[in-house]
Structure formats: structure tokens, C-alpha cells
Amino acid sequence: MTELEKCMAGEYYNCHDKVFLDFKEKTRKLLKQYNSLEYGQKTEKTDILKQMFGSIGNNTSVGLPFICDYGRNIYIGDNVSINMNCTFVDCNKIIIGNNVLIASNVQLYTSTHPVELSERLVPGWTPESGEYFCRTYALPITIGNGCWIGGGVIILPGVSIGNGSVIGAGSVVTKDIPDNSLAAGNPCRVIREINQ
């Protein structure tokens, strides 16, 4: 498997492989352009997002400033509002459905590392190896249709938020949230079902 194939399969991969450095270089240039645009430059914003993201639907806005890693792994549906100062670490796929609200300062992290130090460090690593000194893997994040993600929410690798769910401000989402749920807290827990 290539390093990219390992990454997308959720296996350990070398995040300093040239393919990822090239992704980052391209995306940093696009982000610099994007984040320098004026509020009303909607056509220019959309053009850059189309170049940067895996796909983007109609009537979608991404507030400034915005930060992402590769960009290419972000897939956004129709009628989506992403407010200012959001960070999407898209080493694996971030899939956002239709009719979704994402408030300011939301952080989506697909990338992570083993908890145990002995597993986290790459055995026999040297600066000359061209690898990162610790093991990295990435798991996808999915946000279903009709969700509202409150301000300052952090969503961790591998989490899926079910259709129609609301995540309260400041929550840290460590596990999947079912459809039509109001959930909040650190760690985030379902508080009640939302009537549809």
C-alpha cells in the first residue's frame, strides 16, 4: 500500500511522505488567498473552495478565517453554513451532509496517535529517515443531514453525528451520536431525543 492508501484505510502512515507535503503546500496557498478575501467576495470564495475541497454543494458558506490540512478530503452538501474560525484536520474524510449549521470555533480532527508511548514512537527513528518521529493514523468524521454543531465543539477521529442531531456548545464528541439527538458535554452524551 502507498502511504496515502494506508492513511485513508485508517492505518499508520508516514505523514511526512511527499504526497502529504504536496497536499499541504497546495492547500496553504489556497487558504492564504481564501482568508485574505473580503466578506462580500462570494464568487471568489466559492471558486477557491471548489479547488480545495473534495466536493462542495450549493448555497454553502465557509466563514473567515478557515484552516484545514489537505482540503481534498472535505465533502460538503447543500445549504451548509460554517462560521468563522473553524479548523478541519482532514487527513481522512470529513463528510458534511445537507442543511447543516456549524458554529464558530468548531474543530474537526481526523488525525490521531496511539495513547501508549511505546506504540506512539516509531522504532529506530532517526531525523534522516524522512518519517515523522511518532505513529499517526486518521479516521473519518461524518456529520449527517440537518445537524447543528454548536460553538467551540471538538469532534474526534472516527465519530459520526446522526441526521438531525444537535451538539451543544463546548462539547467534546468522542463517540458516535445517533440520529435526532440533543447531546452535550465533555465527553459528549445524549441528553434527549429531538422530536421530528
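The legends below describe an overall view and several close-up views of one predicted model.

Residues are numbered from 1 along each chain as its sequence is written, and side-chain values rest on heavy atoms, with hydrogens and water left out. Because the model is predicted, local features are given only at pLDDT of at least 70 and side-chain atom pairs count only at pLDDT 80 or more, whereas totals for chains, interfaces and linings use all residues.

**Figure 1. Overall view of the protein chain, with 4 helices and 19 strands.** The radius of gyration, taken over C-alpha atoms, is compared here with a globule rule of 2.2 Å times the number of residues to the power 0.38. The value for the protein chain is 17 Å, close to the 16 Å that this rule gives for 196 residues, so the chain is as compact as a globular protein of that length. Helices (H or I, at least four residues) and strands (E, at least two) are DSSP runs, numbered from the N terminus. Along its principal axes the C-alpha trace spans about 55 × 40 × 25 Å, and buried residues make up 40% of the 196 residues; buried means under 20% relative accessible area, exposed over 50%, and partly exposed in between (1.4 Å probe, protein chains only). Of the contacts (heavy atoms within 4.5 Å) between residues at least 6 apart in sequence, 29% join residues at least 24 apart. The chain exposes about 10,100 Å², of which carbon and sulfur atoms supply 52%, with accessible areas computed by the Shrake-Rupley method with a 1.4 Å probe and, for residues, only the protein chains shown counting as cover. There are 17 positive and 19 negative side chains, and the centres of the two sets lie 4 Å apart.

**Figure 2. Close-up of Thr27 in helix α2.** Thr27 belongs to the helix that covers residues 18-35, and at 2% relative accessibility this residue counts as buried. The side chain of Thr27 reaches the backbone oxygen of Phe23 at 2.9 Å, a polar contact in the sense of a pair of N or O atoms within 3.5 Å, where within protein one must be able to donate a hydrogen and the other to accept it, and where residues adjacent in sequence count only if both atoms are side-chain atoms. When residues up to four places away in sequence are not counted, Thr27 touches Met52, Cys68, Asp69, Tyr70 and Gly71.

**Figure 3. Close-up of the loops that hold Asn59 and Pro65.** Asn59 lies in the loop between β1 (55-56) and β2, where this residue is exposed, with a relative accessible area of 60%. The phi angle of Asn59 is near 55°, a positive value in a residue other than glycine. Most residues other than glycine have a negative phi, and most peptide bonds are trans. In the loop between β2 (60-62) and β3 (66-68) lies Pro65, and the peptide bond from Leu64 to Pro65 is cis, with omega near -5°.

**Figure 4. Close-up of Asn105 in the loop between β8 and β9.** The loop runs between strands at residues 100-102 and 107-109, and Asn105 is partly exposed within it, with a relative accessible area of 34%. Although it is not a glycine, Asn105 has a positive phi of about 65°. The side chain of Asn105 makes a polar contact with the side chain of Asn85 at 2.5 Å, and, leaving aside residues up to four places away in sequence, Asn105 touches Met84, Asn85, Cys86, Gly152 and Val153. The C-alpha atoms of Asn105 and Asp69, which are 36 residues apart along the chain, are separated by 16 Å.

**Figure 5. Close-up of strands β18 and β19, with Ser181 and Ile191.** Ser181 is placed in β18 (residues 181-184) and is buried, with a relative accessible area of 5%; the side chain of Ser181 reaches the backbone oxygen of Asp179 at 3.2 Å. Not counting residues up to four places away in sequence, Ser181 touches Gly164, Ser165, Val166, Val190, Arg192 and Ile194. Ile191, in β19 (residues 189-193), is exposed, with a relative accessible area of 56%, and with the same sequence neighbours left out Ile191 touches Leu182, Ala183 and Ala184. In the loop between β18 and β19 lies Pro187, which a cis peptide bond joins to Asn186, with omega about 0°. Ile191 and His16 are 175 residues apart in sequence and 41 Å apart in space, C-alpha to C-alpha.

Methods. Lys and Arg count as positive and Asp and Glu as negative; His and the chain ends are not counted. The place of a charge is taken as NZ of Lys, CZ of Arg, CG of Asp or CD of Glu.
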